[in-house]
Amino acid sequence: MARPKMLKLPEVLEEIEMSRAAFYRMRTRGLAPKLIKLPNGQIRCRRSDLDEWWATHEIAT
């Protein structure tokens, strides 16, 4: 079974078109996609978690 795609924080920020500062403000309020902190201190986001976050923030037109 293939491992899920893990995105680096800059990749997440680019996709959601948001600055790092704005992202961390959103994260403080509990509104950001779920992140994983690796033992080396790096931050990752599963592709599936980001896709789920996108789905919860869709606006029906």
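This passage describes the nonpolar core, helix 2 and a buried arginine of a predicted model. Residues are numbered from 1 along each chain as its sequence is written, and side-chain values use heavy atoms, without hydrogens or water. Local features need pLDDT of at least 70 and side-chain atom pairs pLDDT 80 or more, whereas totals for chains, interfaces and linings use all residues.

The largest nonpolar core (buried Ala, Val, Leu, Ile, Met, Phe, Trp, Tyr and Cys residues joined through side-chain atoms within 4.5 Å; buried means under 20% relative accessible area with a 1.4 Å probe, protein chains only) has 13 residues. Those with the most contacts inside this core are Val12, Ile16, Phe23, Met26 and Leu50. Two or more residues each come from helix 1 (9-16), helix 2 (20-28), strand 3 (43-46) and helix 3 (47-56); helices (H or I, at least four residues) and strands (E, at least two) are DSSP runs numbered from the N terminus. Helix 1 gives the largest share, four residues.

In helix 2, the buried residues are Ala22, Phe23 and Met26. They lie on the same side of helix 2 because they cover an arc of only 100° around the axis, taken from the directions from the helix axis to the C-beta atoms. These residues pack against helix 1 and helix 3.

Arg44 lies in strand 3. Arg44 is buried but has no salt bridge (a side-chain nitrogen of Lys or Arg within 4 Å of a carboxyl oxygen of Asp or Glu). The nearest side chain of opposite charge, Glu11, is 6.5 Å away; Lys and Arg count as positive and Asp and Glu as negative, with His and the chain ends not counted.

Terms used. Buried means under 20% relative accessible area, exposed over 50%, partly exposed in between (1.4 Å probe, protein chains only). Contact means heavy atoms within 4.5 Å.
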